Amino acid sequence: MTGLPFDYTRQDASGQSCTALAWAKAPKPLTRDERATLKERARTLLKERGAVLVAHYYVDGDLQDLAVETGGCVSDSLEMARFGRDHAAQTLIVAGVRFMGESAKILSPEKRVLMPDLDATCSLDLGCPADQFAAFCDAHPDRTVVVYANTSAAVKARADWMVTSSCALSIVGHLHAQGKKILWAPDRHLGSYVQRQTGADMLMWSGDCIVHNEFKGTELELLRQAHPQAKVLVHPESPQSVVEQADVVGSTAQLLKAVIEMDAPEFIVATDNGMFHRMRQAAPDKVLIEAPTAGNSATCKSCAHCPWMAMNALQGVIDCLEQGSGEIQVDEPVRSQALGCIDRMLDFVKAHPAAIAKPAQGFVPNIGAA
Ligand code: SF4
């Protein structure tokens, strides 16, 4: 494995670490009345401005509910972009992190894409700067460049293929069967999982998701012993010791599907705990247990919730609708270059539905992303 590990304690211009800055900007808890007032204001503005709210499963539950109630969607990153592209609204409000807003803009360049807070980013994106990644690619011109959805538009512009967590196995397996050697970025855990499953020759970037990287294999074993009936659902951005204990390994959409469809009373879930909002709504009779992280110790930076997802708030939605703040721009030629690797993936998925649907170590058939 190679690449450049990202230092989460790196100081930014204001003297705070990236994660500390994100937590500081996360909204304070609101009273029930305050939430209802803000939600009503956001609902009115969405209607007045002809905008649609597209939210990720990891953001605040009020935002998820507002999206559903106003005809928007709550989904994974790829579906968010596809929904925004196919919706008639000319203004998209993307509640999630920056690469999701960029993906929406790449697929819908004619639309206005606004985000509640443009500082909401992702450790995988932060840990893979475009200039350093380009140098890495230049040093290995014999390799096909495959990047995960959780990357900047500039990194996607340098890639041959983009993949999501549910089609990564099929696409890398397809390239491996053609005798291609892979340069993979940025998530080392997902890359390692795909490498183990496909046997492909993969040179890895060494990024990770600050949330999933903290799930602990030993503590998960102890939790499973205490809940022998529970099925274990794991997002493949988690470490190998956690993935190896999974009954289902899959994207957010796939894990949600597993909770709904599997005949089990309890689930231990290793993904961001923002996901529990939709899971509880979709399967109210199921018991959901958070997979263990390091706990509230000095080594736990997320405690199973993404600090950048936490920055998304009702007030941010109101601000961008009232003031036009938080607009995403992806300049040419980066946009059209990035579109190339996304379109290649979409074309592959369309042409190989059986390959996508084929279960692999517990993958639930469906397409999804981070
Ligand atoms: S949960 Fe992880 S992969 Fe998702 S946005 Fe946060 S840091 Fe990135």
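Analyst: Two strands are said to pair if DSSP finds at least two bridges between them, and the strands themselves (E, at least two residues) and helices (H or I, at least four residues) are DSSP runs numbered from the N terminus. This is a predicted model, in which local features need pLDDT of at least 70 and side-chain atom pairs count only at pLDDT 80 or more, while totals for chains, interfaces and linings use all residues. Residues are numbered from 1 along each chain as its sequence is written. By these terms the protein has 17 helices and 12 strands.

User: What makes S5 and S7 partners in a sheet?

Analyst: Strand S5 (residues 144-148) and strand S7 (residues 182-185) run parallel and are joined by four bridges, against a requirement of at least two, so they count as paired. Within S5, Val 147 stands opposite Ala 185 of S7. The pair belongs to an open, parallel sheet of four strands in the order S6-S5-S7-S8.

User: Why are S6 and S8 called edge strands?

Analyst: Strand S6 (161-163) and strand S8 (202-204) each have a single partner strand, so one side of each lacks a neighbour in the sheet. From one strand to the next the twist averages 30°. Helix H10 (residues 188-198) packs on this sheet, touching S5, S7 and S8, and its direction makes about 165° with that of S8; such angles run from 0 to 180 degrees between N-to-C directions, with axes fitted to C-alpha atoms, for helices over the stretch in contact.

User: How do you know which strands lie at the edges of the sheet S10-S9-S11-S12?

Analyst: That sheet is open and parallel, with four strands in the stated order, and strand S10 (248-249) and strand S12 (287-290) each pair on one side only. Strand S11 (residues 266-270) pairs with S12 in the parallel sense over four bridges, and Phe 267 stands opposite Leu 288 there.

User: Why is Lys 181 called partly exposed?

Analyst: A residue is buried with 20 or more other C-beta atoms within 10 Å of its own, exposed with 12 or fewer, and partly exposed in between, C-beta atoms being placed from the backbone. Lys 181 has 14 such neighbours, and therefore counts as partly exposed. This residue is found in the loop between helix H9 (168-177) and S7. Leaving aside residues up to four places away in sequence, Lys 181 touches Asp 142, Arg 143, Thr 144 and Asp 201, a contact being two C-beta atoms within 7 Å.

User: What makes Ala 304 a buried residue?

Analyst: Ala 304 has 22 other C-beta atoms within 10 Å, which meets the cut-off, so the residue is buried. Ala 304 lies in the loop between S12 and H15, and its phi is near 70°, a positive value in a residue other than glycine.

User: Which peptide bond before Pro 186 is cis, and how do you know?

Analyst: The bond joining Ala 185 and Pro 186 is cis, with omega about -10°, and Pro 186 lies in the loop between S7 and H10. The bond from Glu 332 to Pro 333 is likewise cis, with omega near 5°.

User: Which residues come nearest to the ligand?

Analyst: Cys 122, Ser 123, Cys 209, Val 211 and Cys 306 come nearest, among 14 residues around the ligand, a residue being near if its C-beta atom, placed from the backbone, lies within 6 Å.
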